[in-house]
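User: I have a new model open and would like to go through it piece by piece. Can you start me off with a term I will need?

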Amino acid sequence: MFEQPVIAFENVTKTFGNVHAVVDNNLAVKAGEFLSILGPSGCGKTTSLRMMAGFEQPSSGAVSIQGQNMTGVPAFLRPVNMVFQHYALFPHLNVADNVSYGLRQRRPKPADAELAKSVADALEMVRLSGYEKRRSYELSGGQQQRVALARALINRPAVLLLDEPLAALDRKLRREMQIELQNLQRNLGITFLLVTHDQEEALSMSDRVCVMREGRIVQIGSPRELYDKPINSYVAGFVGKANFFVGPKADTVLCVRPELLEISATRKTLPQGLADAFDVTVLNRIFLGEHTEYLVRHESLGDFTVLSPRKSEHASGVFDIGDKAAVGWHKSAAQILTTT
Amino acid sequence: MNDAKHSRTLTALLLAPAGVFFVFLLVLPLLVMLVYSFGVRAPEGGYQAAFTFDNYLNLPARGKAFTNTLLLAPLATALTVLFAYPMAYFLAVKVSPRWRNAMLVLVVAPFWTSQLLRYYAWMMILGSKGIPSWLEWIGIADVRLLNTPYAVLIGAVYGFLPLMVPPIFVSLEKLDKRLLEASADLGSKPWQSFLQITLPLSLPGVATGSMLVFILLMGDYILPQFLGGGKVYFIGNALVDLFLQSRNWPFGAAVSIALVIIMFVTMYFYMRFVLGKTDQRRVAMV
Ligand SMILES: Nc1ncnc2c1ncn2[C@@H]1O[C@H](COP(=O)(O)OP(=O)(O)O)[C@@H](O)[C@H]1O
Ligand SMILES: [Mg+2]
């Protein structure tokens with residue numbers, strides 16, 4: 001069955017002078033999904049989002065929302081809402097007036113009682129009940145974030161656009177908000193499109209991830225697909241950790257995830273059936289709780305990392321810096337990827 | 001502990017010159033005026049010690065100066081805002097940053113030339129050989145502008161525009177453009193965004209500019225003298241007259257004190273209205 005994408009990019013390009021911010025991208029956001037756009041700073045994520053919201057017009061190509069071509073449609077007429085990177089709360093309005101802002105722009109204007117009810121519901125949804133009369137400067141970063149969310153979600157947009165919404169929060173709060181965002185998305189059934197440079201965030205929250213590089217979409221897929229079947233070394237390196245070794249052909253590399261490597265004291269004590277095994281020297285050791293991360297050196301392969309799970313440490317042993325050890329991997333763990 | 005004490009001493013030292021300045025140039029003269037205002041005029045003119053409220057009871061004798069000032073100063077301030085706001089908006093929003101400062105300088109430049117010169121020019125423009133004669137040429141006869149309240153208003157708007165534009169410009173320029181994007185994102189048309197976001201957030205600049213212009217206008221005597229020509233006179237003109245011509249210092253002192261009180265009361269309510277109502281004080285500070 002053909003399902004109409006809620007937002008679609010058709011060969012969208014955006015240039016600023018001689019900067020190619022977004023280059024010939026095609027993208028179809030499915031209704032109800034949680035899609036993340038992942039990529040390093042400056043790769044065109046914000047520009048993509050701004051073209052959806054209507055703050056920028058594509059230099060060429062077309063953006064459509066719910067099947068409608070959005071060329072020339074101003075931001076205030078588009079059925080999407082955005083959570084801005086620095087929240088952009090209105091400093092002269094209290095929380096309730098910030099949250100009800102979108103509803104108050106509608107004609108006919110909803111009645112006061114109706115507005116108050118909607119605001120109360122929206123604030124309850126982001127667990128900020130009772131904060132109606134507060135000013136934005138009286139709120140913590142996390143609370144401002146929630147107000148920004150409530151302000152956007154109260155309008156029931158077709159798509160909620162989130163531009164690095166959690167970047168300004170500390171680690172613990174970020175984790176909390178990630179879970180909260182996921183729950184909100186599931187409960188409301190609203191399509192979420194989140195921009196982030198944090199691969200962990202993208203992988204843990206999204207149904208699908210779209211990896212971008214220098215204005216181009218490199219790969220779109222579920223977190224598992226991206227992790228297990230990256231189409232090139234860029235995606236493999238960006239999504240999760242990866243060791244790259246010299247590949248069999250030019251412009252290729254051999255990629256092995258650190259957690260798929262086995263480590264032991266000698267080659268003999270390594271598990272059976274490995275495709276390859278090497279003698280290495282331990283250069284560094286980082287204790288990560290459930291894992292220990294070793295940086296090891298092989299005379300011809302170079303330096304690479306091995307993740308040794310705590311659970312198997314009784315068998316593999318614990319190594320000190322300078323120790324000799326053996327490392328190997330199963331055939332299925334190694335992938336040959338292109339570097340372009 | 002020691003540090004706090006040290007910094008407090010330092011603060012006191014740093015504030016001392018301002019404090020001395022304040023006491024000698026502001027508080028003392030006001031006290032002298034207050035004392036004078038209860039005295040009587042010496043036979044040869046000037047001040048003679050006494051304690052009477054006559055000077056205050058006599059204020060209605062200068063009622064015209066008060067009503068002129070209290071009517072025209074706020075009106076002129078409001079008109080100046082009306083003209084300055086679009087200019088400031090244009091400069092802050094529409095003009096590219098490259099030309100912005102140059103154009104702002106052009107707006108402020110007239111203020112650096114002689115005030116007298118500028119009022120003389122306006123006397124020419126508004127006088128019978130100026131605009132009225134041009135109007136006559138197109139068939140509108142007998143228009144009088146010079147020595148009317150209109151001339152004073154025109155002169156005030158022209159003269160004080162350079163003071164009104166910069167504060168409004170600053171408040172508009174520092175306005176976070178993302179707030180306007182957020183407003184549009186939430187379904188607000190551009191003019192709705194202007195009314196709901198831009199205007200309220202630029203009120204601190206309007207308040208600052210208005211206060212500046214209003215205070216200067218309340219005390220002005222050159223503008224009414226030149227363009228009001230003795231017909232439209234302000235409290236300032238009454239003061240010049242009382243202190244320098246009729247040499248009735250105590251009555252002059254009473255008029256001054258009345259002016260100061262009126263000014264403080266108006267400012268207080270004005271600031272409360274503009275800033276207090278929308279809780280702009282905090283916003284204005286950040
Ligand atoms: N308004 C603009 N004018 C000029 N260059 C811009 C503008 N907006 C973005 N760019 C450039 O486009 C590229 C992509 O920017 P952006 O979309 O903000 O990246 P990201 O959000 O992924 O960090 C960057 O090189 C940036 O400098
Ligand atoms: Mg960005």
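Analyst: A salt bridge here is a side-chain nitrogen of Lys or Arg within 4 Å of a carboxyl oxygen of Asp or Glu. This is a predicted model, where local features need pLDDT of at least 70, side-chain atom pairs count only at pLDDT 80 or more, and totals for chains, interfaces and linings use all residues. Residues are numbered from 1 along each chain as its sequence is written, chains are lettered from A and ligands numbered from 1 in the order in which they are written, and side-chain values use heavy atoms, with hydrogens and water left out.

User: How many salt bridges are there over all chains?

Analyst: The rule gives 17 over all chains. One of them pairs Arg146(A) with Glu180(A), with the closest N and O atoms 2.5 Å apart.

User: What does that pair tie together?

Analyst: Arg146(A) sits in helix α5 (residues 141-153) and Glu180(A) in helix α6 (residues 171-188) of chain A, so the pair links parts that are 34 residues apart in sequence. Helices (H or I, at least four residues) and strands (E, at least two) are DSSP runs, numbered from the N terminus.

User: Switching to the two chains. How many residues are in contact between chain A and chain B?

Analyst: On chain A there are 24, in contact with 23 of chain B; contact means heavy atoms within 4.5 Å. About 2100 Å² is buried between the chains, and carbon and sulfur atoms give 58% of that. Buried area is the accessible area (1.4 Å probe) that two parts lose on being put together, summed over both.

User: Which residues in chain A lose the most area to chain B?

Analyst: Those are Phe76(A), His92(A) and Tyr137(A), together 31% of what that side buries.

User: How many salt bridges cross that interface?

Analyst: The rule finds one. Arg50(A) and Glu181(B) form a salt bridge through their side chains, 2.7 Å from N to O. The elements of chain A that each supply at least two residues to the side touching chain B are α1 (45-53), β6 (80-83) and α3 (101-104).

User: And by class, what is on that side of chain A?

Analyst: It has 13 nonpolar, six polar and five charged residues. Ala, Val, Leu, Ile, Met, Phe, Trp, Tyr, Cys and Pro count as nonpolar, Asp, Glu, Lys and Arg as charged, and the others, Gly among them, as polar.

User: Now the ligand. Which residues are around ligand 1?

Analyst: Among them are Phe16(A), Val19(A), Pro40(A), Lys45(A) and Thr47(A); a residue counts if one of its heavy atoms lies within 4 Å. The shell's largest share, three residues, comes from α1(A).

User: Where do oxygen atoms of ligand 1 lie relative to Gly42(A) and Thr46(A)?

Analyst: One is 2.6 Å from a backbone N or O atom of Gly42(A). For Thr46(A), the partner is a side-chain N or O atom, again with a distance of 2.6 Å. Taken alone, ligand 1 exposes 570 Å², of which the protein buries 60%; such areas come from the Shrake-Rupley method with a 1.4 Å probe, and for residues only the protein chains shown count as cover.

User: Any backbone oddities?

Analyst: Most residues other than glycine have a negative phi, and most peptide bonds are trans. Asn11(A), in strand β1 (residues 7-16) of chain A, has a positive phi near 45 degrees. Arg107(A) and Pro108(A) are joined by a cis peptide bond, with omega about -5 degrees.

Technical notes. A polar contact is a pair of N or O atoms within 3.5 Å; within protein, one must be able to donate a hydrogen and the other to accept it, and residues adjacent in sequence count only if both atoms are side-chain atoms.
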